[in-house]
Amino acid sequence: MTLLDVDDLSVRYDTREGPLHSVNGISFGIDDGINYALSGESASGKSTTAKAILGLLPDHAEIESGAIEFEGRDLRSLTPSERQDLLWEEIAFIPQTAIDALDPVMTAGAQIRQAIQTHRELSERNARRRARELFEMVGLDPDRVDDYPHQFSGGMRQRVVIAMALALDPKLIIADEPTTGLDVVVQDKIIDNILQIQEETDSSLLLITHDLSVIAETCDEMSVMYGGKIMEQGRVENLLLNPTNPYTMGLKNAFPALDDDADDLVSVPGKPPSLGTEPTGCVFEPRCPFSSEECATTEPDVETIPYRNQRVACHNADRAARIRQEADDASR
Ligand code: ATP
Ligand code: MG
């Protein structure tokens with residue numbers, strides 16, 4: 001069953017410099033029990049998508065189009081109090097910077113208890129017990145529930161936020177770069193932790209990260225975003241082993257050597273697109289080694305690749321995939 005369904009979502013920010021078309025007509029769905037990754041380099045629109053789903057966009061943002069449904073319920077038409085109930089209870093959010101989610105003048109335990117007691121009839125004593133339990137679940141010393149956020153390290157604060165997010169057994173966890181800025185060992189531990197808990201609680205995950213190795217380890221399906229568009233989506237193993245969109249190949253450092261400039265292409269050179277105007281051609285065209293005339297003038301639709309359970313937006317997907325495959329074979 002589809003848990004979350006995002007259909008043709010577009011989001012614009014109105015800034016002093018003019019409108020910014022940050023998300024442009026993206027669609028994806030997350031089925032029950034699926035771990036889904038949203039990837040793409042900085043400014044591709046990942047966090048904006050998450051905030052649109054959660055109803056947490058700032059006032060100067062406008063959802064221009066699109067339907068967002070959670071278990072068939074239209075999330076865009078929720079009243080503030082309905083939304084309040086949905087957040088935490090059904091959809092939990094681990095934001096990009098954990099410190100933003102914590103109140104510096106309240107102990108960690110008090111914040112977790114407050115999150116629980118806002119939604120559940122639970123005595124102080126039981127809420128305390130639950131907070132300690134959650135601390136243990138995320139690998140924190142339960143005796144530290146009465147510490148303040150500043151008494152924890154960055155990695156520990158991230159765990160406090162995860163504990164809070166899990167307090168009410170949500171059906172979907174949305175985690176936005178939950179390990180960015182932490183050292184690699186801590187990153188691994190936190191990812192393991194999220195996965196373990198998620199298995200225990202049977203929830204689905206929307207993981208936002210640019211780290212493809214984390215995705216390979218944790219997720220079943222993924223979408224790759226660029227310039228507010230979906231470039232490619234499908235099963236993680238298909239997409240990472242057989243990227244078909246040149247942008248995905250670039251993310252994977254897997255551009256085939258087309259000419260002498262090939263070395264430069266490896267890390268997807270160039271700047272992200274300007275989002276001031278709505279795209280007319282493919283957003284990746286200026287940076288794409290496979291671009292043709294059509295790419296500059298006509299936006300590619302996201303289309304299913306026959307027999308591959310993979311969807312891609314690229315006019316030259318067949319050619320790009322073939323050349324990449326040949327390069328792969330040649331390097332074996
Ligand atoms: P990152 O990997 O750096 O977190 P992202 O994929 O999450 O990037 P977003 O934060 O969604 O990207 O930003 C998409 C675009 O929208 C960027 O150009 C960004 O500058 C712009 N943007 C994001 N938040 C705001 C805001 N509050 N006001 C105006 N513009 C914004
Ligand atoms: Mg972000």
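**Figure 1. The side chains of aspartate 147 and arginine 144 in the predicted model.** In this predicted model, the side chains of aspartate 147 and arginine 144 are joined by a polar contact of 2.7 Å. Aspartate 147 belongs to the loop that runs between α5 (124-137) and α6 (154-166). The relative accessible area of aspartate 147 is 17%, and the residue is therefore classed as buried, the limit being under 20%.

**Figure 2. Ligand 1 in its pocket.** Ligand 1 occupies the second largest pocket. Two or more residues of the shell around ligand 1 are given by each of the elements β1 (2-15), β2 (18-31) and α1 (46-54). The largest share, 3 residues, is that of α1. The shell comprises 5 nonpolar, 9 polar and 2 charged residues. Of the 16 residues around ligand 1, those that come nearest are Ser22, Ser42, Lys46, Thr48 and His60.

**Figure 3. Polar side-chain atoms beside ligand 1.** An oxygen atom of ligand 1 is found 2.4 Å from an N or O atom in the side chain of serine 42. For threonine 48, the distance from a polar side-chain atom to an oxygen atom of ligand 1 is 2.5 Å. In the case of tyrosine 13, an N or O atom of the side chain lies 3.4 Å from a nitrogen atom of ligand 1. On its own, ligand 1 has 630 Å² of accessible area, of which the protein covers 71%.

**Figure 4. Helix α1 and the residue that follows it.** Of the 9 residues of α1, 8 are buried, and the helix is thus described as mostly covered. The buried residues include Lys46 and Thr48, both of which are also listed among the residues that come nearest to ligand 1. The other buried residues of α1 are Ser47, Thr49, Ala50, Ala52, Ile53 and Leu54. After α1 comes glycine 55, which has a positive phi, near 75 degrees.

**Figure 5. Asparagine 309 in the loop between β11 and β12.** Asparagine 309 is placed in the loop between β11 (303-305) and β12 (310-312). The relative accessibility of asparagine 309 is 57%, so this residue counts as exposed, a class that requires over 50%. Asparagine 309 is separated from alanine 131 by 178 residues in sequence, and the C-alpha to C-alpha distance between the two is 42 Å.

Technical notes:
Residues are numbered from 1 along each chain as its sequence is written. Chains are lettered from A and ligands numbered from 1 in the order in which they are written. This is a predicted model: local features need pLDDT of at least 70, side-chain atom pairs count only at pLDDT 80 or more; totals for chains, interfaces and linings use all residues. Side-chain values use heavy atoms; hydrogens and water are left out. A residue is near a molecule or strand if one of its heavy atoms lies within 4 Å of it. A polar contact is a pair of N or O atoms within 3.5 Å; within protein, one must be able to donate a hydrogen and the other to accept it, and residues adjacent in sequence count only if both atoms are side-chain atoms. Accessible areas come from the Shrake-Rupley method with a 1.4 Å probe; for residues, only the protein chains shown count as cover. On a 1 Å grid over the protein atoms alone, a cavity is a set of points where a 1.4 Å probe fits but cannot get out, and a pocket is an open set with protein on both sides within 12 Å along at least five of seven lines; lining residues have an atom within 4 Å of a point. A molecule sits in a cavity or pocket if more than half of its atoms lie within 2 Å of its grid points. Helices (H or I, at least four residues) and strands (E, at least two) are DSSP runs, numbered from the N terminus. Ala, Val, Leu, Ile, Met, Phe, Trp, Tyr, Cys and Pro count as nonpolar, Asp, Glu, Lys and Arg as charged, and the others, Gly among them, as polar. Buried means under 20% relative accessible area, exposed over 50%, partly exposed in between (1.4 Å probe, protein chains only).
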